[in-house]
Amino acid sequence: MATFGKPRPAPAVPPDLLPVIRQSGVLTDKQFADVKDKVAGGDYPADPAALADRLVKENVLSDYQAKRFLANKSHGLVVGRYVILDRLGSGSMGRVYKAHHLMMDRLVAIKIIAPEIVSNERIIARFQREMKLVGRLDHPNVIRAFDADQVGKILYIVMEYVQGQSLAERMRKKSLSPAEVIDIGAQAALGLAHAHAQGIVHRDVKPSNLLLTDDRQVKVLDLGLGVLMEADNSTSFATADGITVGTIDYMSPEQACGREVDGRSDLFSLGCSMYHLMTGALPYPGESPIERMGRRIKNSPVPITQVRRDLPSALVRVLDKLLAHKPHERFQTAAEAAEALQALLRPRPRPPTPAAPNVEPVAEPKAEARVEAKPVPPPEASYEPIIIRITPEYPRWFRPLARLAESRPRAALAATILGLTAAFGVGALAAWLAGK
Ligand SMILES: Nc1ncnc2c1ncn2[C@@H]1O[C@H](COP(=O)(O)OP(=O)(O)OP(=O)(O)O)[C@@H](O)[C@H]1O
Ligand SMILES: [Mg+2]
């Protein structure tokens, strides 16, 4: 994690807050005059802590600004035309702030690249070239960039501000189901497909660079900033001052070896991120970064089936393809990967019989992504036997015997045998008399 400057002892609270506020530039002249008048008129307290508290309550200052003023820090709250409102987080490349564009009344996120990263003109030139491409990106699964600039040695990039949390934060708070991770992976792959089509390879796909909005949309963060890791080989993992840039835990083998990368490298990183989000473990674990890098280069991941035994084999196949060691064995485009992931969320066609013992458990997708399969109801079972009565037309003379056969079959049989014996006896007697 980058450290920017050494920690200094906390400065004393300023005796008067007004000059500090004035110097910061966060308020317009009119807003500042209004606050000043209210303090002079006794409407606002003069005590710095009480005044700061009041100004936060009345939304004149943000909490973050007030804390800085009470620490007697007036600098760094205005970047170009943006007023910093809050700190959103920090990473290996710099810090991210929530800011307000006064004239457009727009909330934005500003990433200020640490000066240590911007070590030479070549990096700045590559950053500027990449920003031209980043400016063209316009996709629901990509954070939009509005502006990028350089003030002195400081590079910054202005993006749309999105309410949500990165998947690294999300994973720390609550585990994600396989279906949620598949949906996240599919959305991220769509965002990456758009970036790749514009000629941008991310180079740093990882859970902290995937933002999950409050309405569960995934936005790929930090597109175009991967060049800061690549532009100068000496900054690939550790700068001269020991600042770690990027992490190898999601890097493709070709990137870890310092070879040329293309979009398929991002797909490998997406596969590593999905593996991590689904299992809480890394596919290439190890005590040290060197060990983890060695495993990745030697192609010895821990098969996901060893960490989670309950995953459907179709999902394991897709993950294995994302994580294939050689780029040509992976999905060849991010769109292809997105399609394969989306297909896992579609309900499978069910066999016509109601019981389907050979259907693998389909992970439950998020509500919007699931096309609910309406079970086909089985044909209504009829347990009432249908009795068909067949009544043949017997000759009149035979009907008494037929009736007897239906009601008393044994008696009918005996009567028939008796009748036939009698007829035979009579016939035999007549023949014998005739022969005499
Ligand atoms: N456009 C944005 N809207 C809202 N929050 C954002 C935005 N961009 C970044 N953030 C927040 O800022 C945090 C810090 O981002 P940052 O990129 O500095 O961290 P990182 O990804 O861990 O490190 P790095 O990318 O430098 O390796 C993110 O985790 C995210 O929560
Ligand atoms: Mg980031």
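How far should the 14 residues of helix 5 span at 1.5 Å a residue, and how far apart are its end C-alpha atoms? Hello everyone, let me start there, and please keep in mind that we are looking at a predicted model. Helix 5 covers residues 121-134, and at that rise its expected span is 20 Å. The end C-alpha atoms are 20 Å apart, so the expectation and the model agree.

Now, which residues of helix 5 are buried? They are Ile123, Phe127, Glu130 and Val134. Looking down the helix axis, you find these buried residues within an arc of 70°, so they line one face of helix 5. The general background may be familiar: an α-helix has 3.6 residues a turn, so residues three or four places apart point the same way. Turn helix 5 to its other side and you meet exposed residues, namely Glu121, Arg122, Ala125, Arg129 and Lys132.

Let's move on to the strands. Strand 2, residues 82-90, pairs with strand 3, residues 94-101, in the antiparallel sense, and seven bridges hold that pairing. The two form a hairpin, with three residues between them. If you'd like a landmark, find Ser90, which sits opposite Arg95 in strand 3.

Strand 3 also has a partner in strand 4, residues 106-113; these two run antiparallel and are joined by eight bridges. Here the landmark is Val96, opposite Lys111 in strand 4. And what happens between strand 3 and strand 4? Their hairpin has four residues between the strands, and Asp105 there takes a positive phi near 50°.

That's my tour, thank you for listening!

Conventions
Residues numbered from 1 in each chain as written. Chains lettered and ligands numbered in written order. Predicted model: local features only at pLDDT ≥ 70, side-chain atom pairs only at ≥ 80, totals over all residues. Pairing = 2+ DSSP bridges. Expected span 1.5 Å × (residues − 1). Buried ≥ 20, exposed ≤ 12 C-beta atoms within 10 Å, placed from the backbone. Arc of directions from axis to C-beta.
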